[in-house]
2 protein chains.
Amino acid sequence: MKGFSVQGFRASGISCGIKGKGLKDLALIYSERPATVAGLFTTNRVKAAPVLLDMERIRGGAAQAIIVNSGNANACTGRKGLEDAREMAGLVAARAGIDEGLVLVASTGVIGEPLPMERIRSGMLPLFEALSEDGWDDAARAIMTTDTRPKVFFGKKRIGDDDVPLLGIAKGAGMIMPNMATMLAFFVTDAGIDREALQEMLGESVERTFNRITVDGEMSTNDTVLILANGMGRRLEGKDYSSFKELLMEGCETLSRLIVEDGEGATKIVEVEVRGAFNEGDAKRAAFRIANSLLVKTAIYGCDPNWGRIMAALGSVLEDLEEERVRIEIMGLPVVEGGMASPERNEERLREAMGGRRVHILVDLGLGSGEARVLTTDLTPEYVHINAAYRT
Amino acid sequence: MKGFSVQGFRASGISCGIKGKGLKDLALIYSERPATVAGLFTTNRVKAAPVLLDMERIRGGAAQAIIVNSGNANACTGRKGLEDAREMAGLVAARAGIDEGLVLVASTGVIGEPLPMERIRSGMLPLFEALSEDGWDDAARAIMTTDTRPKVFFGKKRIGDDDVPLLGIAKGAGMIMPNMATMLAFFVTDAGIDREALQEMLGESVERTFNRITVDGEMSTNDTVLILANGMGRRLEGKDYSSFKELLMEGCETLSRLIVEDGEGATKIVEVEVRGAFNEGDAKRAAFRIANSLLVKTAIYGCDPNWGRIMAALGSVLEDLEEERVRIEIMGLPVVEGGMASPERNEERLREAMGGRRVHILVDLGLGSGEARVLTTDLTPEYVHINAAYRT
């Protein structure tokens with residue numbers, strides 16, 4: 001990912017000793033000039049200190065830097081946690097000589113432990129020294145927790161006579177559920193965009209991407225998606241918005257898919273597609289119920305086309321389900337017709353088709369035109385091992 | 001469990017070849033005379049054929065026999081499934097010489113496969129021949145699926161000058177969630193009880209017991225709880241009801257606990273107690289959210305007092321949560337005070353205390369007087385193995 005850059009932005013990622021073993025755990029994203037900012041945050045009632053701080057600060061509409069640590073969530077840390085989050089921002093502001101209100105903060109890791117501020121303070125100098133136009137891979141590594149690889153997106157879109165760039169990094173591998181559970185993503189672009197338009201485009205993109213993935217049905221205290229648009233490139237007009245939104249949607253889609261692909265212990269990526277619901281809400285509920293069903297997820301791990309578990313999951317969440325209208329395909333092969341085993345079902349071929357890394361489940365409810373798509377993983381013994389031992 | 005009996009009732013359990021390997025898979029409960037019946041069934045919109053049949057039949061208020069097969073759920077089997085369920089009842093009625101409407105049916109096992117009726121037909125003679133006053137252990141074995149042991153309750157309550165007996169058998173080890181997911185339980189008593197009172201007492205008992213357990217958050221298509229009261233013993237009057245209800249509650253409590261203790265792959269039984277909620281509904285939602293959280297369940301498997309995951313679970317479900325009021329104890333030891341790590345928390349003692357088979361989590365929300373208790377298990381690699389391989 002070296003070589004990608006967006007004018008006016010620099011990034012860095014270093015190790016300051018929070019995670020230990022020399023692992024990168026402190027990241028900085030910095031813009032030469034104040035940028036328009038938009039953001040979305042966890043809907044969990046228990047919000048980490050940096051989330052509370054950022055929610056307040058992005059109301060101002062501008063930001064110039066984002067500092068992120070991994071290894072500690074700074075959640076459930078009370079007043080001290082808020083002071084620490086503010087100090088993190090203050091350290092960046094002081095060193096950069098910018099207004100403290102222009103610095104945003106994000107944290108990810110264990111909940112309930114105080115931030116080791118001494119380490120963060122001592123990391124400031126190397127963090128700034130490492131800033132570079134192509135420091136995005138380092139930054140992406142420094143925000144990882146149980147992730148096995150950094151997640152970076154870079155894309156460009158021709159708008160008018162300009163190539164408008166979008167660069168994003170993300171982390172997230174467990175505690176992944178709608179409403180962006182334990183997921184951090186940061187985007188930058190040099191386009192000039194109105195704040196309200198930026199917030200609206202971000203909201204729509206996230207709803208269809210980051211809010212449609214689930215690894216374990218958990219919702220985090222720290223989820224954050226931020227975008228900075230520093231206006232050093234093309235100034236977008238209303239007619240340009242649809243093009244930029246396509247680019248943003250692509251960025252969100254790519255990063256959310258990378259998160260699922262790195263799902264804790266996952267051996268398979270599962271796309272659950274529900275069609276024929278009365279409305280999109282029903283389709284989304286049904287798709288999430290299937291995607292979060294332990295019995296469905298374990299069946300997929302075992303390459304078992306156990307469609308009865310899908311039917312049971314549907315019936316547990318959809319009051320208006322009409323069993324005899326349900327049609328199910330796995331990997332494009334017929335499984336259920338009219339709510340019963342399809343006469344064309346070939347168990348052997350199904351097992352074989354489910355043996356690969358990608359599994360596609362299509363459910364047609366036969367009731368209306370509502371549809372939704374959710375990405376998830378299988379559930380494996382490895383997931384249990386990872387999460388039984390996370391803190392130790 | 002040999003030696004327990006209730007006057008006028010006989011039971012049997014035999015192998016008719018549905019499960020194979022000589023495993024028992026067909027059970028019969030038979031009363032000398034028609035009994036008052038009450039029942040509760042899955043709220044899943046996808047209901048198995050026997051559930052649909054029983055829901056209709058118990059409206060009549062009387063039943064004399066219950067036939068149960070394991071190894072096949074007779075769910076998602078369409079019109080043929082209903083015909084098969086009716087035939088199962090008809091076979092019993094014909095052999096016993098009773099009205100077909102007095103025979104109830106239950107099935108548990110794989111969804112979506114047609115019932116092997118030939119085997120059930122051929123099992124009728126041995127099933128009747130095996131009927132015995134103390135055949136309850138055999139019957140309890142014949143309704144098992146992934147259960148590792150039969151589940152039987154027997155209790156007596158002194159009411160007036162009589163000892164009123166209650167005998168129950170149950171099965172269930174996975175797909176266990178509120179609303180009685182994949183759970184069968186059958187009770188018999190010789191008391192004479194009005195139908196409406198019986199239904200009401202059963203409903204209240206189940207709500208506090210079978211509806212407060214969860215192994216994996218799944219809801220089945222086949223859950224059934226039935227009670228037969230054949231009136232050959234004491235005729236209960238209004239003043240006797242509270243005593244009988246205590247007995248029924250004890251029976252439901254015991255069997256529901258046995259189900260959790262036999263939870264698929266479980267190494268620990270976890271009691272989640274939530275107090276101080278605004279109302280019982282909030283307390284129940286919070287307790288279930290914690291009990292169904294994969295991250296909490298895996299932490300418990302790892303003996304890790306990872307309270308941050310409990311806080312995140314609470315915040316994801318309770319809109320009115322006030323983080324700074326939350327207090328958490330694990331095994332009676334302080335963990336969280338005022339929404340943060342308790343200063344008296346001793347990680348080492350906590351780990352040690354979580355090392356046993358039973359784990360108790362107390363959450364005090366500090367908001368009101370609503371409380372609820374939910375029983376669950378930890379989540380283990382073994383659960384995944386069992387459910388990845390169930391059908392094979």
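# Reasoning from distances, angles and areas

Modeller: In this predicted model, the structure holds four aromatic pairs over all chains, and one of them joins Phe4(A) and Phe154(A).

Biologist: Why is the pair of Phe4(A) and Phe154(A) called stacked?

Modeller: The ring centres of Phe4(A) and Phe154(A) are 4.5 Å apart, which can be set against the limit of 6.5 Å for a pair. Their planes meet at 15°, and since planes under 30 degrees apart count as stacked, the pair is stacked.

Biologist: Where in the chain do these two rings lie?

Modeller: Phe4(A) belongs to the segment before strand 1 (9-14) of chain A, whereas Phe154(A) sits in strand 5 (residues 151-159), so that the pair links parts of the chain 150 residues apart.

Biologist: What makes Phe4(A) and Phe154(A) partly exposed?

Modeller: Phe4(A) has a relative accessible area of 30% and Phe154(A) one of 23%, and because partly exposed covers what lies between under 20% and over 50%, Phe4(A) is partly exposed, and Phe154(A) counts as partly exposed too.

Biologist: Why does the contact between Arg149(B) and Asp262(B) count as a salt bridge?

Modeller: The closest N and O atoms of Arg149(B) and Asp262(B) are 3.7 Å apart, and because the limit for a salt bridge is 4 Å, the pair qualifies as a salt bridge. It is part of a structure that holds 66 salt bridges over all chains.

Biologist: Why is this pair said to tie together separate parts of the sequence?

Modeller: Arg149(B) lies in the loop between helix 4 (136-142) and strand 5 (151-159) of chain B, while Asp262(B) lies in the loop between helix 6 (241-261) and strand 10 (269-277), so the parts that are tied together are 113 residues apart in sequence.

Biologist: Which of the words buried and partly exposed fits Arg149(B), and which fits Asp262(B)?

Modeller: With a relative accessible area of 4%, Asp262(B) is buried, because buried means under 20%. Arg149(B), at 35%, is partly exposed.

Biologist: What makes Glu280(B) and Arg212(B) a salt bridge, and where are they?

Modeller: Their closest N and O atoms are 2.9 Å apart, which is to be compared with the cut-off of 4 Å. Glu280(B) is in helix 7 (residues 280-292) of chain B and Arg212(B) in the loop between helix 5 (195-208) and strand 8 (213-214), 68 residues apart. Glu280(B) counts as partly exposed at 33% relative accessibility, whereas Arg212(B), at 5%, counts as buried.

Biologist: Why are chain A and chain B said to be related by a two-fold axis?

Modeller: A rotation of 180° with 0.0 Å of shift along its axis superposes chain A on chain B, with an RMSD of 0.0 Å, and that is the relation of a two-fold axis. In chain A, the C-alpha nearest the axis belongs to Pro381(A), 2.1 Å from it.

Biologist: How do you know that the same surface serves both copies?

Modeller: Of the contact residues of chain A, 98% recur in chain B. The contact takes 57 residues from chain A and 56 residues from chain B, and the area buried between the two chains is about 4,600 Å², of which carbon and sulfur atoms give 58%.

Biologist: How many salt bridges and how many residue pairs in polar contact are there between chain A and chain B?

Modeller: The count of salt bridges between chain A and chain B is zero, whereas ten residue pairs are in polar contact. On the side of chain A that touches chain B, helix 9 of chain A gives the most, with seven residues.

Technical notes:
Residues are numbered from 1 along each chain as its sequence is written. Chains are lettered from A and ligands numbered from 1 in the order in which they are written. This is a predicted model: local features need pLDDT of at least 70, side-chain atom pairs count only at pLDDT 80 or more; totals for chains, interfaces and linings use all residues. Side-chain values use heavy atoms; hydrogens and water are left out. Copies are superposed by least squares on the C-alpha atoms of residues with pLDDT of at least 70 in both. Contact means heavy atoms within 4.5 Å. A salt bridge is a side-chain nitrogen of Lys or Arg within 4 Å of a carboxyl oxygen of Asp or Glu. Helices (H or I, at least four residues) and strands (E, at least two) are DSSP runs, numbered from the N terminus. Buried means under 20% relative accessible area, exposed over 50%, partly exposed in between (1.4 Å probe, protein chains only). Rings of Phe, Tyr and Trp (its six-membered ring) pair if their centres lie within 6.5 Å; planes under 30 degrees apart count as stacked, over 60 as edge-to-face and the rest as tilted. Buried area is the accessible area (1.4 Å probe) that two parts lose on being put together, summed over both. A polar contact is a pair of N or O atoms within 3.5 Å; within protein, one must be able to donate a hydrogen and the other to accept it, and residues adjacent in sequence count only if both atoms are side-chain atoms.
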